[in-house]
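Here is a short, friendly tour for anyone meeting this structure for the first time. Take a look at the sequence and the model, then read on.

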Amino acid sequence: MKCSIRALPRECAPAGRTEGSLRKIRRWVARIALHLALGSASLIMLVPYLWALTASVKSRAEIFTPTPQWWPRAWQWSNYVDVFRYAPFEIYFLNTLIVVLGILAVQLITITLAGFAFARLQFRYREALFYLFLIQMMLPIHAVIVPNYLTIKSLGLLNTQLAMMLPFWASGYGTFLMRQAFRQIPAELEEAALLDGCTGLRLLWSIMIPQVRPVLLAFSLISVVTHWNDFLWPLIVTDTPRVRTLTIGLAMFVQQESGADWTLLMAATVMVTAPLLVAFLFLQRRFVESFMYAGLR
Amino acid sequence: MAHSRASWRGQRGAQAFLYLLPSLLFLAIFTYWPMLRAIAMSLLEWNLSRPEPVFAGLRNYATLLADPVFHLVLRNTAMLAAVAIPISIALGLVLAILLNEPLGFLRGVYRAAVFYPTMIPMAAAAMLWVWLFNPSIGLVNYYLGKLGLPRVEWLYDMTWALPAVMISWIWKNVGYLTILYLAGLQAVPTELLEAASVEGAGFWQRVRYVTLPLLGPTTVFVVVVSLINSFQVFDAVHIMTQGGPADRSNVLVYFLYQQAFRFWDIGVASALTALFVAGLLVFVVFVVGQMERGVFYEV
């Protein structure tokens, strides 16, 4: 309160000049300190990846210098080609793409239907059923890998892309997001559509889904990132390169190379991470907003 | 009239059931059934020396509880949560508060630099850190030496293997927590902050008395998400240390993986699964209870 009274005349009176510029200086110092803090934090976060990037284009000899060489003397892009000679990363990439998109396609159907039912339909045991869905949201698949492995084995699905997708086709989390989204739609919209004789799946498809498109997009981005990064489940249900995904391929490559050739290991690591990082660079706002939105719910 | 409404209701019930059916089918096969099956299998002796399962009562639980490695694993998992979560939450909170200040075009750059590890698979992130923690040519030891600090064997060291895993985990997760806090900060009404400024509150006072109290619900959410994540650490351990040296960096899910897929002891692995699921369910019921009491989502 004291300050608010003093602040006014200071702004107006020319006598207050020196004090005003002092304040300006303090504000500049604060701003510089802020940028220094965030700049060094950003640098620390970037170092691990940049260090891998330089290693991935170095020659084998240049790795073992006593002081770190941040700028390679000769850019050896052939490391990236060599990686393919030791492991079929193109197949891993294709498998990852199939698994990630296969999971997403079915998820979009199951979560839209279930989310709509929980949000807009009246039925018995609605609350209880919703809790059943929430359990899956909190209970990670990692906890039940052993029985799930046996299920996949008895279905004869070991070493298939289907095995890597099946457990994720229902998503408690996605259902939760969609339920929230469908709840926001005003009832008048639905009633008007019903009066026009638009019911059932047609109502869902042509009236409701256009309203929740941003949420579907947010969920899609999160799902793609999550399953691109899956590791444990694909690791245990596959044991041939033919069906393996990028993350597992990378882990196998590490074991096979047993840490001997760092240039190739880093080239492989960069390749595995590049697709999502490039997408992120171009769609930064979209990604960040999706993760923000989904985190808020 | 009443009749037609009732049949319309019945129809809607059928419609709801049909809409839930696909989800329920997959949930039943891959979430509910495995939970029950784990309990049933935990009562069997089923391992390499006994490929045909026989009833064993609670012997698997006894084996597990008597195993000193299991105790070490529990301690490591708890340690990881107790150390890595507070550090990553503190870092995420500070970064979010700083990123929420006016920064001009650089905000996007800083935000991308902090958030990009979220896009990287944990397995690949672990690879980056194996390279950084290399005892002889790693960047970490080089700069430690520059600072006059002792060099450490990191992944090969009994004391430092688990902290090394934690560091990679924090690096990978801090950006996500920052984004969650940024979302929380955007929900803080600007009028409140402006009112505080007019009253003469400085930056620190605004943070302490306005921002932090309003971030309470976000923090509860962040803690729950982080805890659930920390129980599931596997990729980093598998790539960086394989649980070693001498199980000093072995954690719950990696131990489960070893029991089932290295030692092929399905009985003991199922007992572990049953305990794990029971623990998680207790945790979830507790959290949901808190949610219903309205601790969450007040803003």
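Gly197(A) has a positive phi of about 80° and sits just after helix α9(A). The structure is a predicted model, so please read each value here as computed from that prediction. Helix α9 of chain A itself spans residues 187-195. How many of its 9 residues are buried? The count is 0, and the helix is hardly covered.

Now step back to the domains. In chain A, the domain assignment gives domain 1 as residues 2-56 and domain 2 as residues 80-296. Chain B is also assigned a domain 1, covering 2-41, and a domain 2, covering 63-292.

The table sets out how far apart the domain centres lie, taken over C-alpha atoms.

| Domain pair | Separation of centres |
|---|---|
| Domain 1 of chain A and domain 2 of chain A | 41 Å |
| Domain 1 of chain B and domain 2 of chain B | 36 Å |

The domains also touch within each chain. In chain A, the contact involves 4 residues of domain 1 and 6 residues of domain 2. Which classes of residue does domain 1 of chain A bring to that contact? Its side has 3 nonpolar residues and 1 polar residue, with no charged ones.

For chain B, domain 1 supplies 4 residues to the contact and domain 2 supplies 6 residues. Here the side of domain 1 of chain B that touches domain 2 of chain B has 4 nonpolar residues, while polar and charged residues are absent from it.

Note on methods: Residues numbered from 1 in each chain as written. Chains lettered and ligands numbered in written order. Predicted model: local features only at pLDDT ≥ 70, side-chain atom pairs only at ≥ 80, totals over all residues. Domains from an automatic or database assignment. Contact = placed C-beta atoms within 7 Å. Nonpolar A, V, L, I, M, F, W, Y, C, P; charged D, E, K, R; others polar. Buried ≥ 20, exposed ≤ 12 C-beta atoms within 10 Å, placed from the backbone. Helix = DSSP H or I, 4+ residues; strand = E, 2+ residues; numbered from the N terminus.
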